[in-house]
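Work through the exercises below with the structure in view. Try each task before reading its solution.

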Amino acid sequence: MSSSEAPRPTVCAYNEWDPLEEVIVGVVDHATVPDYDVALRATLPDNMYEFFRKNAGRPFPPARIEAAKKDLEELVHLLEAEGVTVRRPDVMDFSQPIATPDFRASNGLYAAMPRDVLLVIGEEIIEAPMAWRSRYFEPMAYRSLIKEYFKKGARWTAAPKPRMADALYDRDFVDPKPGEPMRYAITEFEPTFDAADFVRCGRDIFGQKSNVTNDFGIEWLRRHLGSEYRLHIFEFADTHPMHIDATLMPLAPGKLLINPERVPEVPAIFKGWDVLHAPKPIFPEEPPLYMTSKWINMNILMLDEQRVVVEKSDEPMIAAFKRWGFKPLLCNFRNFNSFGGSFHCATADVRRRGTLQSYF
């Protein structure tokens with residue numbers, strides 16, 4: 001660095017594709033099956049209801065956890081080989097019960113998905129007010145890192161911690177049928193959102209209302225970010241909405257990846273962009289997908305405008321990215337997919353080399 005060059009911020013990310021310099025990769029140690037309740041059921045694959053009913057409070061199968069840990073280590077090695085600094089959250093015991101004046105839960109969940117917990121916008125890192133009771137203390141796994149970033153100059157905000165009282169949940173919730181008005185498992189009792197319900201595109205941030213993100217939470221984020229950013233909220237053809245990054249993902253300036261089943265009409269703001277339709281996912285019967293649909297194949301991680309991390313066995317997606325002019329970097333991640341996410345979910349950008357721009 002020359003004497004005239006300003007030092008880079010410790011935390012800084014404005015979009016999903018500027019060159020990635022530092023990232024947090026989650027850990028799956030002590031992953032525990034959460035209590036079966038309406039907020040969880042609203043997002044589960046239909047074939048997993050019985051598993052969660054029977055196993056609430058127990059650890060996920062140890063062999064599955066170990067296999068997922070190996071996938072995470074492979075991802076860490078890949079990222080480091082590509083010149084990215086990798087940080088990890090603290091390992092916590094999520095088997096411990098949770099109790100507050102408003103609720104009790106048998107246990108926590110995990111610290112596997114930093115993208116759900118932490119929203120980095122510019123030089124600020126925001127702790128999301130997540131709606132699942134099992135995730136009440138999950139942000140604590142990242143506190144050591146966040147304190148370090150704060151001491152080095154980052155802005156640190158924790159959104160209002162939800163009480164998660166019964167009033168937050170619609171106990172009469174049922175999945176909406178095709179043609180019916182959309183329903184959600186959470187109410188507007190207090191602001192909640194998962195960070196993974198938003199993707200960054202410079203001054204424009206795209207999000208969705210979901211079974212973990214309500215209008216109250218969206219409005220809190222809009223006011224908090226202020227006039228420097230424009231927050232756009234979409235509704236998709238998804239009866240189990242939770243996290244936008246398996247539905248719509250801006251990959252680079254002018255290139256948008258969409259889920260062809262959930263996005264029948266591309267939002268007008270993307271007029272003139274190349275719209276890339278994700279290929280139909282292919283998944284083996286094993287390992288099981290406990291908490292996600294097979295469209296988790298869209299949950300990729302951009303290292304810059306060309307390099308993209310893709311599941312090693314996802315041949316249709318690999319071929320599609322090559323056709324589109326990207327450079328796929330292959331990593332085994334099927335075992336981690338079991339726990340509800342892929343490369344985008346398992347990571348949280350800390351620093352990308354770029355500046356705030358408008359792409360529209």
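**Exercise 1.** Locate His 243 and describe its backbone and its exposure.

Solution. Step 1: His 243 sits in the loop between β10 (230-234) and β11 (248-252); strands are DSSP runs of E with at least two residues, helices are runs of H or I with at least four, and both are numbered from the N terminus. The model is predicted, so local features need pLDDT of at least 70, side-chain atom pairs count only at pLDDT 80 or more, and totals for chains, interfaces and linings use all residues. Residues are numbered from 1 along each chain as its sequence is written, and side-chain values use heavy atoms, leaving out hydrogens and water.

Step 2: phi of His 243 is positive, about 85 degrees, although the residue is not a glycine. Most residues other than glycine have a negative phi.

Step 3: His 243 is buried, with a relative accessible area of 8%. Buried means under 20% relative accessible area, exposed over 50%, and partly exposed in between (1.4 Å probe, protein chains only).

**Exercise 2.** Describe His 30 in the same steps.

Solution. Step 1: His 30 lies in the loop between β1 and α1. Step 2: its phi is positive, about 60 degrees, and His 30 is not a glycine. Step 3: with a relative accessible area of 42%, His 30 is partly exposed.

**Exercise 3.** Find the peptide bond between Glu 286 and Pro 287 and state its geometry.

Solution. Step 1: Pro 287 is in the loop between β13 (274-277) and β14 (301-302). Step 2: the bond joining Glu 286 and Pro 287 is cis, with omega about 0 degrees. Most peptide bonds are trans.
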